Amino acid sequence: MIHSLFVINSSGDVFMEKHWKSVIHRSVCDYFFDAQRKVSSPEDIPPVIATPHHYLISIYRSQLFFVAITQSEAPPLFVIEFLHRVVDIIEDYFGDCTEFLIKEHYVVVYELLDEMLDNGFPLATESNILKELIKPPNILRTIANTVTGKSNLSHTLPTGQLSNIPWRRTGVKYTNNEAYFDVIEEVDAIIDKSGSVVFAEIQGYIDCCIKLSGMPDLSLTFINPRLFDDVSFHPCVRFRRWESERILSFVPPDGNFRLMSYHIGAQNVVAIPLYVKHSISFKETGGGRLDITIGPKQTMGKMVENVVVEIPMPKTVLNVTLTPTQGKYTFDPVSKNMVWEIGRIEAGKLPNIRGHISVQTGSSGPEANPIISIQFTISQLAVSGLKVNRLDMYGEKYKPFKGVKYLTKNGRFQVRT
Amino acid sequence: MTDAKYFTTTKKGEIFELKSELNSDKKEKKKEAVKKVIASMTVGKDVSALFPDVVNCMQTDNLELKKLVYLYLMNYAKSQPDMAIMAVNTFVKDCEDPNPLIRALAVRTMGCIRVDKITEYLCEPLRKCLKDEDPYVRKTAAVCVAKLHDINAQLVEDQGFLDQLRDLLSDSNPMVVANAVAALSEINETSSSGQTLIEMNAQAVNKLLTALNECTEWGQVFILDSLANYTPKDDREAQSICERITPRLAHANAAVVLSAVKVLMKFMEMMGNDTEFVTSLTKKLAPPLVTLLSSEAETQYVALRNINLIVQKRPDILKQEMKVFFVKYNDPIYVKLEKLDIMIRLASQANIAQVLAELREYATEVDVDFVRKAVRAIGRCAIKVEQSAERCVSTLLDLIQTKVNYVVQEAIVVIKDIFRKYPNKYESIISTLCENLDTLDEPEARASMIWIIGEYAERIDNADELLESFLEGFHDENTQVQLQLLTAIVKLFLKRPTETQELVQQVLSLATQDSDNPDLRDRGFIYWRLLSTDPAAAKEVVLAEKPLISEETDLLEPTLLDELICHIGTLASVYHKPPSAFVEGKTAVRKQLPPRQNSVGSAEEASSGSPPAPGQPTDEQQPTVIPVADNLIGDLLSLDISAPSTYQAPIPSQPQPVANTAAMDLLGGGLDSLLSDTSAPAGITSAPPVSSSGLLGDIFGIGNVTPFYTPAKQVWLPAARGKGLEISGTFTRRNGQIYMEMTFSNKAMQAMTSFAIQFNKNSFGLSPAQSLQVQGPLQPNGSVDSSLPINTKGPVQKMEPLTNLQVAIKNNVDVFYFSCLVPLHVLCMEDGMMDKRVFLATWKDIPAQNEVQYTIENVNYTADQVSSKLQNNNIFTIAKRNVEGQDMLYQSLKLTNGIWVLAELKIQPGNINLILSLKSRAMEVASGVHQTFELILHN
């Protein structure tokens, strides 16, 4: 299974290594650097690299490379999933995953890694359990520890680890009992030149923040559960109930977690909340014009907000001189990225940007027109039409606060020009 | 107060300073010091000098300090084995601690100390922990066994830990079960014995399935992977396991999903394709696979590599999902390329318009590699979906108009392939292609263009000028281009001999006299000689019809595909190579898909009897593509443009008859006729150096090989028993197909008609591939030959002797029965050449009692002759060694039912008796194989 882990920053320094079996010298990372040299951007490094004696399986997140080394035939997805889990846990503990933060909390990270994997086999990867074993740092506790000489480590066995519900710790107590659900839908779409949809799908998530005392047993029902094309659940969800009654029945972990993710697209028609009118043209003689208008469409009367338009311009473009009717734009002459931050789209006033593109003299028009990618959010709307019907709680007597929020935002939303 | 402070030290002598802090009396100071040590260790600084001081801190009640010391120990014990012994006592004591957390921690750390001396002390505590009352300790101990095995395998076996581990498989706690499975699988993978440690039976499977529902996501992966090694006893059991596994497809962890897909794909193989269950399972598999594509890029990549296998095995699953494979511009390049590959695999007449529009879009992107592959993809679509060819060609022409250099070059390469697939259809575009001649600077594109000009020389008015322009820089060209130019000019000459004499002369002399590339020179000589001896033969050889290329060429070979399906989710599935090909020291038995099984009660199958079940896994997808054989004739046919690696030109394994005779005739020609030939350009009289004739002779020598050995016909059915019908026959094998050659003679007084044939069940499942063709009514005293192709998809029943085949022949008179023996070598497959390493491993792996020895007398051949004789009959020589003056040949053959036989042939010079040793897992075939050797070597 997983033999060693190296964490590498963007300038190519191995700033952390952890070995779960015998030590593998960090020179093994040279194979990784070789692969890195061959590609233009860090995202393009192949995730699985074979070397004469080892396999390097890597992920790229938060500008850091996490490179796992295996020696035997280990399932690569297993390793990739685990690495992502490591980053999730670090983010959960320290709020973010950066080189600075990891260095800041070296020993805790090292302890965490040691707790997460034993001999290459995952041991405890649930944040609930890890937090019982190794307390996340906070300023108060650090001060208290220094004064009293106590440590971050717990002396007791995490209670959840062996029960039938390993994701939940026992003895949870809150004065305010709350259960919040966020239904988040991301729209992935490719729209072609003429405005027709080449491909569209919705990737949805239900993230929860549950602070309930004791051992609550929840069931969540939807008004229209047939919408889903595919679902994947947190281990706490009872799959049989879902299969037979389409009810999400579960004993939740304590705190924040992702209850389910779902996928809509293949069979259902996906509503596209925005339309884009565009004309980008380059003349033979150099120079070109750009004119883009954005408008809402199928938003069920909800406001489209935080709209950002991003266009990676062709390499030959020197600069752009544009006038937006709303928001502001920036152009980075190095990466050739044009970003137009629009903000909210008001009804009846469609944001437009137009102007001139200057191109290197002597070069003819670029081979291809750029692709526009768009970011946006729409609050209080699940674009698929998904609606939570009700939430019931069994097993505990108190009445919790309940809340559901809906949010639609862009996934990879691309318009070809 | 953060850990970063551990790295800032202003004073010199850091180690010294730490040492004094470690030995401090104050607990707090000690702990801080250990933390500093650990921090230095994590960034790779060497702090091993502090070993004794750190170990001294181990005896403490403070759990955090203990943990930190343990962390240190694991890292450095190896380099300080003597010091590490000091820690043993503490471990032993900690294993008795009332706190299970400490017991588990101790047993966990113990296993990580990779020091031989220490391991012996650890056996007792480990044994206790394996039986600990607390499951947390038990599950930790299970992993510890795997660790110990890694350090000292013998010790683990001697101490009986493996049995204890097996007991844990039926533990009441699912997490313990999962860890035991994980530990056993890892031990299994690394152990040399190769014997399976987890004995899979219905009961064990049931336990695992129960644990599956309750253990952690990682445990689920381990359990699913080991379930994949189980072969259910019938399709009912397979179905019920599948039903219990299907919920895993909805797991949030991608690794769990993919492992579940593996088990399902494997077990589905046991059920009929048309059963309701398989249909519904097929539907259920698509959504989770699609969902994997919405996750992180790395996950997508692994998923895509696996989907690539799945769509080849079961195209139905994802045939509706083409759109999810459309490329987004900010996908990483490795994802883009994989998506493209799958798009082509899914392309069909129904969706081709959409696919082409997308590919057209990709061809204008900025990433050069991706654009090239997109252009190639258009070509592959044209070859795959015939109806789309026209549209593909026009798309390619559009792309050529963009004048983007690499797009044009790539387009020309694929257009060449389209010409190969649809000859005489799109030649009208040649003129457009020729316009771009000057811009081509890549060898492959140049070679392709030259091939096109040569192939269609008669339609291109200025073909000679064009080729001449290439000839100017002949020596600077890449070999590929040189070879192609040579062939193209020869083709041109054969088509328009009058105007191009000078040109051909020029290229021949360039190739033979001024080049030091042996391939080029040889080919030059051969053409020269062909042209000078017999231009008609040259025409037949050079301008012979070429086999069409087909889409299947870029598919994985079916047996490999089946093996890879068993490895879904593993590294093998990412590399598309069997684990034996790349995992170090991996000699494990190859995995195979389980054969289709019919449950006893399935009525329709039972009643329909003889017709073979549709699509048996191994037979149905019998490679339709002929194995690539690098033979001389294929070469001459100018098929050597290195086709894009994904689709290699299929070359028939047997030279085409026409070309073959032509080449043979030439042998007789010799040098004399070369000199006297009138049609030869004048310059040729200067003739190739005589020494080369030896070379040519050698090359043609290849044409002399004895073909496949077909035994003489024997009388199978005497006229007396056949009411006047006499049948004599034999078996042979051509192009990978078994044929039954029969002569029917009518010794009766009346004509015979309506012949039909049927086989009884037999050992190899032989059955007629088509109905018996006997020409016209068979007149009295007449006789007629018939050749019946035979496949191996029929029902199987073991016969005595093994090669016995019972045949029934019917005609208008009566039904006759006879039996005959099938010579075993017609059952030897063309792909019976085992990889050297696999051979070695298999030879060792087969126990000695499965070896038999025979003596073959009176053989007067050298080792090489023996080898080539056997090779012609699909008995392949893998290696030849000379041991103490004896030649040893190591050979392998594979029978149609997948049985491998390994042979060692000992040949002593001067001794006419050979010694043959055979090894196989199925020894029943040995005597048959021996007879085959006798038969081949004595004929």
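Biologist: Welcome to the model! What share of the contacts in chain B with a separation of 6 or more comes from residues 24 or more positions apart?
Modeller: Before anything else, please keep in mind that this is a predicted model. In chain B, contacts with a separation of 6 or more can join residues 24 or more positions apart, and the share of such contacts is 67%.

Biologist: Thanks! How many helices and strands are there in chain B?
Modeller: Chain B has 939 residues, and 58% of them are buried. Its accessible surface comes to about 38900 Å², with 49% belonging to carbon and sulfur atoms. As for secondary structure, chain B holds 39 helices and 13 strands.

Biologist: And chain A, how many helices and strands does its secondary structure come to?
Modeller: Chain A has 417 residues, of which 59% count as buried. It exposes about 17300 Å², and carbon and sulfur atoms supply 51% of that area. Residues 24 or more positions apart make up 68% of the chain A contacts with a separation of 6 or more. The secondary structure of chain A comes to 7 helices and 23 strands.

Biologist: Let's look at some strands. Is strand β2 of chain B largely enclosed by the rest of the structure or open to the outside?
Modeller: A residue counts as buried when its relative accessible area is under 20%. Strand β2 of chain B covers residues 725-734, and 9 of its 10 residues are buried. Therefore β2(B) is largely enclosed by the rest of the structure.

Biologist: Which residue in β2(B) stands opposite B:Leu717?
Modeller: B:Leu717 belongs to a pairing between strand β1 (residues 714-717) of chain B and β2(B). These strands pair in the antiparallel sense over 3 bridges. The residue opposite B:Leu717 is B:Ile727.

Biologist: Which residue in β3(B) is the bridge partner of B:Phe731?
Modeller: Strand β3 of chain B spans residues 737-746 and pairs with β2(B) in the antiparallel sense over 10 bridges. The two form a hairpin with 2 residues between them, and B:Asn735 in the turn has a positive phi of about 50°. Within β3(B), the partner of B:Phe731 is B:Met740.

Biologist: There is also an open sheet of 5 strands in chain B; in what order do its strands come?
Modeller: The pairing in this sheet is antiparallel. Its edge strands, each pairing on one side only, are β9 (851-856) and β10 (876-883) of chain B. Neighbouring strands are turned by 20° against each other on average, direction ignored. The order is β9-β13-β12-β11-β10.

Biologist: Which residue in β13(B) stands opposite B:Lys906?
Modeller: Strand β12 (residues 900-907) and strand β13 (residues 914-920) of chain B run antiparallel and are joined by 6 bridges. Opposite B:Lys906 in β13(B) stands B:Ile915.

Biologist: What angle does the direction of helix α37 of chain B make with that of β12(B)?
Modeller: Helix α37 (residues 836-845) packs on the sheet, touching β9, β10, β11 (886-894), β12 and β13 of chain B. Helix α39 (residues 926-937) of chain B also packs on the sheet, and its direction makes about 25° with that of β9(B). For α37(B) and β12(B), the angle is about 90°.

Biologist: Which relative accessible area does B:Val866 have?
Modeller: B:Val866 lies in helix α38 (residues 863-871) of chain B. Among the residues it touches are B:Tyr861, B:Leu889, B:Leu905 and B:Leu937. B:Val866 is buried, and its relative accessible area is 0%.

Biologist: Now two helix pairs. Are α22(B) and α24(B) parallel or oblique to each other?
Modeller: The axes of helix α22 (residues 405-421) and helix α24 (residues 443-455) of chain B come within 8 Å and cross at roughly 40°. Angles under 35 degrees would count as roughly parallel. The crossing angle therefore makes α22(B) and α24(B) oblique.

Biologist: What is the handedness of the crossing of α17(B) and α30(B)?
Modeller: Helix α17 (residues 297-313) and helix α30 (residues 558-565) of chain B pack at an angle of about 125°, with their axes 10 Å apart. B:Leu309, B:Gln312 and B:Lys313 in α17(B) meet residues of α30(B) including B:Leu561 and B:Ile565. The crossing of α17(B) and α30(B) is left-handed.

Methods: Residues numbered from 1 in each chain as written. Chains lettered and ligands numbered in written order. Predicted model: local features only at pLDDT ≥ 70, side-chain atom pairs only at ≥ 80, totals over all residues. Heavy atoms only, no water. Buried < 20%, exposed > 50% of the residue type's maximum accessible area, 1.4 Å probe, protein only. Helix = DSSP H or I, 4+ residues; strand = E, 2+ residues; numbered from the N terminus. Pairing = 2+ DSSP bridges. Axes fitted to C-alpha atoms, helices over the stretch in contact; angles between N-to-C directions. Contact = heavy atoms within 4.5 Å. Areas by Shrake-Rupley, 256 points an atom, 1.4 Å probe, with all protein chains shown as cover. Parallel < 35°, antiparallel > 145°, perpendicular 65-115°, else oblique. Left-handed = near helix turned anticlockwise from the far one by under 90°. Lists of a residue's contacts leave out its neighbours within four places in sequence.
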